[in-house]
Amino acid sequence: MHSTIVRGQNVFGFFTTVCFVVAALIAASDLLAPRTPKATVAANTVQVVRGRPHYYSTKKEEYAIIRFTMNADFSSLFTWNTKQVFVYVSASWPNSTSEELVNEAVIWDTIITNPSADHLQNIGPAAMKKLVKSAKGKSIDPKRGKIDLKNQKPKYQITAPTGKLQDTDGVVLRVHYNVQPWVGVLTWTPQIEFGSWKKLKGGVSKAFKLPSIKKKDPPKKA
């Protein structure tokens, strides 16, 4: 006869096998849900300033402040297995030392949770109460995947390794996303279409040039 320990090991092994199979089926079910995200983004006002871009900066350098407008629909990314969607906007421009490389920096980001993951939000109690109330009785809330920003102030300023940014040409804004499921692998903005998962439609701005730093007017003589 098998000992109690052996029987326990068999039960535990069977339990973990069942959990693994169920988790695999849940993760695979995401492939059946169509993903058709789309977005438009455009730069509004662009300013280049010389100073300390961060409080911990030890020296002055040029940094850019880019306000932008974005309209996006990520509602198709929300399924019963979606935990949260991380959306961010980056600015990219040609590298001065190599034609094959580009400089890229994130200027804005946000996390959109499904109602089942609202408790993970790092927000204040008043905002949390409002968020929970808006999703009461909903397991999925596709409305949260729709973003409409007008003249949005960036969360982060961009700098360059060389410390020089003014008059930089060929700057482009791009929209990216990352889907984080409850079970399964993280998926980033796809570069190719895979079954019912479509590439992000749009999401790239027209190229623009960073302006020169405004020179201060000389003091008037008395």
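**Entry 1: a nonpolar patch.** I began with the surface of this predicted model, where I found that Phe-14, Val-18 and Val-22 make a nonpolar patch of about 280 Å². I then asked where Val-18 lies, and found this residue in helix α1, which covers residues 4–29. Is Val-18 buried, partly exposed or exposed? I noted a relative accessible area of 37% for Val-18, so I entered this residue as partly exposed, since the partly exposed class runs between the 20% and 50% limits.

**Entry 2: the partners of β1.** I turned next to strand β1, residues 38–51, and found that it pairs with strand β2, residues 61–73, in the antiparallel sense over 12 bridges. To place this pairing in the sequence, I looked up one pair of residues and saw that Ala-39 stands opposite Ala-72 in β2. Strand β1 is also joined by two bridges to strand β9, residues 201–202, and here the two strands run parallel. For this pairing I wrote down Lys-38, which stands opposite Lys-201 in β9.

**Entry 3: an open sheet.** I then followed another set of strands and asked in what order they stand. Four strands form an open sheet in the order β4-β3-β7-β8, and the pairing in it is antiparallel. The edges are held by β4, residues 102–113, and β8, residues 187–188; each of them has a single partner strand, and therefore one side of each is left without a neighbour in the sheet. I checked the β8 edge further and found that two bridges join β7 to β8, with the strands running antiparallel. In this pairing Val-179 stands opposite Thr-187 in β8.

**Entry 4: positive phi values.** My last search was for unusual backbone angles, and I kept in mind that most residues other than glycine have a negative phi. Which residues did I note as having a positive phi without being glycine? One is Asn-151, whose phi is near 50°, and another is Asp-167, with a phi of about 65°. I looked up the place of each: Asn-151 is found in strand β5, residues 146–152, whereas Asp-167 is in the loop between β6 (158–159) and β7 (172–181). As for their surroundings, Asn-151 has a relative accessible area of 36% and is partly exposed, while Asp-167, at 38% relative accessibility, also counts as partly exposed.

Key: Residues are numbered from 1 along each chain as its sequence is written. This is a predicted model: local features need pLDDT of at least 70, side-chain atom pairs count only at pLDDT 80 or more; totals for chains, interfaces and linings use all residues. Side-chain values use heavy atoms; hydrogens and water are left out. Buried means under 20% relative accessible area, exposed over 50%, partly exposed in between (1.4 Å probe, protein chains only). Patches are made of residues with over 30% relative accessible area and no salt bridge: like charges are joined within 9 Å, nonpolar side chains (Val, Leu, Ile, Met, Phe, Trp, Tyr) within 5 Å. Accessible areas come from the Shrake-Rupley method with a 1.4 Å probe; for residues, only the protein chains shown count as cover. A salt bridge is a side-chain nitrogen of Lys or Arg within 4 Å of a carboxyl oxygen of Asp or Glu. Two strands pair if DSSP finds at least two bridges between them.
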